[in-house]
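Subject: A structure for you to look at

Hi there,

Here is the structure I promised to pass on to you. Have a look around it first, and then read my notes below.

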Amino acid sequence: MSTWQELSLDCLRAAKILANSGHWRSSVNRSYYAAYCAVTSQLVARSVSFAHGWNNPGHEQLPNLILHHLALPMKTRRRLKQLILFLRDAREDADYRPGRTIDKAKAIACIRRAEKILQDLEV
């Protein structure tokens, strides 16, 4: 059985492998999930409960959960909120909007933002 932190690191590794292979959309997807899992790990550790009795937060809940439940300085929580919003928007473009351009620059930007989230959360 894996932990949220292990899932986070696995997703980040996958994002990098996919980007190096030119799979930009899939890389963006994995970058988002690397960040999602890292944040979820921290929320679970703080015994935060989620809507609908799930063991993980809904994607739309994540920004507010970051602001109100992580034990980090407010400046850091605000930055994490902005980073996760960017990553979620990019993931939705990559996964659901085939007309949107997802290129190497976007994939690398997402990897960098996911890395920053993992760094801030000490994953």
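What follows is a short tour, from the overall fold down to single residues.

Please keep in mind that this is a predicted model.

**The overall fold**

The protein has 5 helices and 0 strands, so its radius of gyration is a good next thing to check: at 14 Å, it is close to the 14 Å that the globule rule gives for 123 residues, and the protein is therefore as compact as a globular protein of that length. If you draw a box along the principal axes, the C-alpha atoms fill roughly 40 × 30 × 30 Å. Among contacts between residues at least 6 apart in sequence, 63% join residues at least 24 apart.

**Surface and charges**

About 6800 Å² of the protein is exposed, and carbon and sulfur atoms supply 49% of that area. The protein carries 19 positive and 11 negative charges, and the mean positions of these two groups are 5 Å apart. As for the inside, 41% of the 123 residues count as buried.

**The nonpolar core**

Which residues touch the most other members of the largest nonpolar core? They are Leu 43, Leu 62 and Ile 117, in a core of 34 residues. Helix H1 (4–20), H2, helix H3 (62–69), helix H4 (74–96) and helix H5 (104–120) each give two or more residues to this core. The largest share, 10 residues, comes from H2.

Leu 43 is a good place to zoom in. Leaving out residues up to four places away in sequence, Leu 43 touches Val 48, Phe 50, Pro 57, Leu 62, Leu 65, His 69 and Leu 70. Two of these partners, Leu 62 and Leu 65, appear again among the buried residues of H3, which are Leu 62, Pro 63, Leu 65, Ile 66 and Leu 67. The buried residues of H3 pack against H2 and H4.

**One residue to try yourself**

Now find Ser 41, which lies in helix H2 (residues 24–45). Is Ser 41 buried or exposed? Its relative accessibility is 12%, and buried means under 20%, so Ser 41 counts as buried. Which residues does Ser 41 touch, not counting those up to four places away in sequence? The answer is Trp 4 and Gln 5.

Enjoy exploring, and write back with any questions!

Best wishes

Key
Residues numbered from 1 in each chain as written. Predicted model: local features only at pLDDT ≥ 70, side-chain atom pairs only at ≥ 80, totals over all residues. Heavy atoms only, no water. Helix = DSSP H or I, 4+ residues; strand = E, 2+ residues; numbered from the N terminus. Buried < 20%, exposed > 50% of the residue type's maximum accessible area, 1.4 Å probe, protein only. Contact = heavy atoms within 4.5 Å. Rg over C-alpha atoms; globule rule 2.2 N^0.38 Å. Areas by Shrake-Rupley, 256 points an atom, 1.4 Å probe, with all protein chains shown as cover. Lys, Arg positive; Asp, Glu negative; His and termini not counted. Charge placed at Lys NZ, Arg CZ, Asp CG, Glu CD. Core = buried A, V, L, I, M, F, W, Y, C linked by side-chain atoms within 4.5 Å.
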